[in-house]
Amino acid sequence: MTSSMHPVSIQKPSTVVLPSGEWTTILASLCNLFPHVSQSEWESRFARGLILDDQNQPLGRDSLYRAGMKIYYYRENPQEEPIPGQVTLIYADEHLLVVDKPPFLPVIPSGKYVTQTLLGRLVNLYGNTELQPLHRIDRHTSGLVMFSSQKQSRGLYQALFRDNKVKKRYQALAPPLPQLKLPYHYQSRIVRGEPFFLSMEIAGPVNAHTIIDVLEKKEALWRYSLTPVSGKKHQLRLHMCALGAPILHDFFYPVVIDEQLDNYMKPLQLLAYELQFVDPLTGGIRHFTSQQRLAWPAAT
């Protein structure tokens, strides 16, 4: 892996595929999809050539909207505040980088976060501009994230996640579920919710499956082992909430509590604890575990 003693500042464009809607222009759709960015700011980015089509050609503020269009855009947030927490290196070789992410740090630029991201920190630390996350975890979730370190082998490792050949196990603190016969298989259909950053369950064919077990029991909270068989957005948080045991300090489910979303004293008690897979290059078994531990409340 390429390394450097000096920080490297780099920003790659973000990508959005425009969903179905009744907008006339791309500008109008972006204003609706990203309400935290003002229309004048989008117009400025168009004027400076920072909004591109899938051929990397600049788009104009009057460019017509079409559902399914892939748009690249460069992000700006000069007033971004630092996010606390350290990133711990778990493993590194010429192909892979595995790190332990603190809570609240996004994996890649999203929403109001541009420079304060896991990817940004790692590029600055190692000077490797080819780093790419092979999967993602929620901003509020802590734990293991695996990156590809070079283009040549990236497709082999991406295929592991695409073909569901990586065993992922999480841990969570949540209220007891004594009525369940464990391990319990919870299955449902998850779709995009409202507002857009949430997910929701609806009736229909199952597309989300979680295996739930218990590692430790205390009076008010249990420490659960959660194995996602599928990988839907917010799947573990939504499934635990649906069972009547929302994860401790989950301020999305069952109700969004805006004033608590960046409460660094109350991180979501969901930890991406374990990754295991057969390495496509060596044929050996790779097994990584987080060095972090969930924080039991003092009175539990």
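1. Helices and strands are here DSSP runs, numbered from the N terminus, with at least four residues for a helix and at least two for a strand; the model they describe is a predicted one. In that numbering, proline 195 sits in the loop that joins strand 9 (184-192) to strand 10 (199-202), and the peptide bond leading into it from glutamate 194 is cis, with omega near 0 degrees.

2. Another cis peptide bond runs from tyrosine 253 to proline 254, with omega near 10 degrees, and proline 254 belongs to the loop between helix 5 and strand 13. Histidine 249 lies in the loop between helix 5 and strand 13 as well, and has a positive phi of about 65 degrees although it is not a glycine; its relative accessible area of 24% makes it partly exposed.

3. Asparagine 56, in the loop between strand 2 and strand 3, likewise has a positive phi, near 60 degrees, and is partly exposed at a relative accessible area of 49%.

4. An open sheet of 3 strands follows the order 1-3-2 with antiparallel pairing, its edges being strand 1 (14-17) and strand 2 (51-52). Strand 1 pairs with strand 3 (residues 70-73) over 4 bridges, and valine 16 is placed opposite isoleucine 71 of strand 3.

5. The largest nonpolar core holds 36 residues, and Leu118, Phe147 and Met240 are among those with the most contacts inside it. Helix 3 gives the largest share, 5 residues, while a second, separate core of 17 residues includes Val16, Leu33, Leu59 and Tyr65. Methionine 240 touches, among others, Ile212, Tyr224 and Pro246, leaving aside residues up to four places away in sequence.

Conventions: Residues numbered from 1 in each chain as written. Predicted model: local features only at pLDDT ≥ 70, side-chain atom pairs only at ≥ 80, totals over all residues. Heavy atoms only, no water. Pairing = 2+ DSSP bridges. Core = buried A, V, L, I, M, F, W, Y, C linked by side-chain atoms within 4.5 Å. Buried < 20%, exposed > 50% of the residue type's maximum accessible area, 1.4 Å probe, protein only. Contact = heavy atoms within 4.5 Å.
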